[in-house]
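The following report describes a protein model through its strand pairing, its charged contacts and its surface patches. Please read it alongside the sequence and the coordinates.

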Amino acid sequence: MLGGTVTGRCEGTVLEAGADYQLYRERRPTELVAKCAFETTDGSRVYVENRGMRVAAPETKQRLRDGKPVEPEDVYFCSVPEFETPDPDLQWLEENVFVAAGTRQPNGVRLAVYQVG
């Protein structure tokens, strides 16, 4: 993981550590798993485990593998992040379900995370 930012109800910086991988499949959705942590602007740390899938036509999948830009509407990219933190002010992250919609950017991924319910 190469870092990033967190904005919204929580604000902070994604730490430059963690791992992510993709299981490419020709005729089925690509399986996505990412594990990382971010530090809030208040100094709290939050561990994130995010599992999801990406569905696209074969030619779009090839462009993604080649690192080329693709149109967001050509890719179904959703995930379910789970959070863990010792900070009592952030316990709401552990007590709710979240879904995320992803967009592949030229130099990374942008996730919009939504609390369910």
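In this predicted model, strand β3, residues 19–23, and strand β4, residues 30–40, pair in the antiparallel sense over five bridges. The two strands form a hairpin, and six residues lie between β3 and β4. Within this pairing, Tyr 21 stands opposite Val 33 of β4.

**The loop between β3 and β4**

Arg 25 lies in the loop that connects β3 and β4, and its side chain forms a salt bridge with Glu 31, where the closest N and O atoms are 3.3 Å apart. Is Arg 25 buried or exposed? It falls in the class between those two words, because its relative accessibility of 22% makes it count as partly exposed, the cut-off for buried being under 20%. Glu 31 also counts as partly exposed, at 29% relative accessibility. With regard to the rest of the chain, Arg 25 and Leu 64 are 39 residues apart in sequence, while their C-alpha atoms are 13 Å apart in space.

**Salt bridges**

The structure holds three salt bridges, and they are set out below with the separation of the N and O atoms.

| Residue | Partner | N to O separation |
|---|---|---|
| Arg 25 | Glu 31 | 3.3 Å |
| Arg 45 | Glu 39 | 3.3 Å |
| Arg 51 | Glu 49 | 3.2 Å |

For the pair of Arg 45 and Glu 39, the accessibility of the acidic partner can be stated: Glu 39 is partly exposed, with a relative accessible area of 27%. In the pair of Glu 49 and Arg 51, Arg 51 counts as partly exposed at 42% relative accessibility.

Thr 41 lies in the loop between β4 and β5, the latter strand covering residues 45–56. Because its relative accessibility is 64%, Thr 41 counts as exposed. Thr 41 and Ala 101 are separated by 60 residues in sequence and by 24 Å in space, taken from C-alpha to C-alpha.

**Helix α1 and the negative patch**

Helix α1 spans residues 58–65 and contains Glu 59. Which residues form the negative surface patch? They are Glu 59, Glu 71, Glu 73 and Asp 74. Glu 59 is exposed, since its relative accessible area is 54% and the cut-off for exposed is over 50%. Arg 65 also lies in helix α1, and it is partly exposed, with a relative accessible area of 29%. Arg 65 and Tyr 24 are 41 residues apart in sequence, whereas their C-alpha atoms are 9.1 Å apart in space.

**Strands β6, β7 and β8**

Strand β6, residues 75–84, runs antiparallel to β7 and is joined to it by two bridges. One position in this pairing is Ser 79, whose bridge partner in β7 is Ala 100. On the pairing of β7 with β8, the two strands again run antiparallel, and nine bridges join them. Here Val 99 stands opposite Tyr 114 of β8.

**The nonpolar patch**

Val 99 and Tyr 114 also belong to a nonpolar patch on the surface, which is completed by Val 80, Val 97 and Val 116 and has about 420 Å² of accessible area together. Which strands each supply at least two residues of the nonpolar patch? They are β7, covering residues 97–105, and β8, covering residues 108–116. In a regular strand, side chains alternate between the two faces of the sheet.

Two members of the patch can be described further. Val 97 is found in strand β7 and is exposed, because its relative accessible area is 52%, where exposed means over 50%. Tyr 114 is found in strand β8 and counts as partly exposed, because its relative accessibility is 47%. The C-alpha atoms of Tyr 114 and Ala 56 are separated by 22 Å, and these two residues are 58 residues apart along the chain.

Conventions. Residues numbered from 1 in each chain as written. Predicted model: local features only at pLDDT ≥ 70, side-chain atom pairs only at ≥ 80, totals over all residues. Heavy atoms only, no water. Patch = residues over 30% accessible without salt bridge, like charges linked within 9 Å, V, L, I, M, F, W, Y side chains within 5 Å. Areas by Shrake-Rupley, 256 points an atom, 1.4 Å probe, with all protein chains shown as cover. Salt bridge = Lys/Arg side-chain N within 4 Å of Asp/Glu carboxyl O. Helix = DSSP H or I, 4+ residues; strand = E, 2+ residues; numbered from the N terminus. Buried < 20%, exposed > 50% of the residue type's maximum accessible area, 1.4 Å probe, protein only. Lys, Arg positive; Asp, Glu negative; His and termini not counted. Charge placed at Lys NZ, Arg CZ, Asp CG, Glu CD. Pairing = 2+ DSSP bridges.
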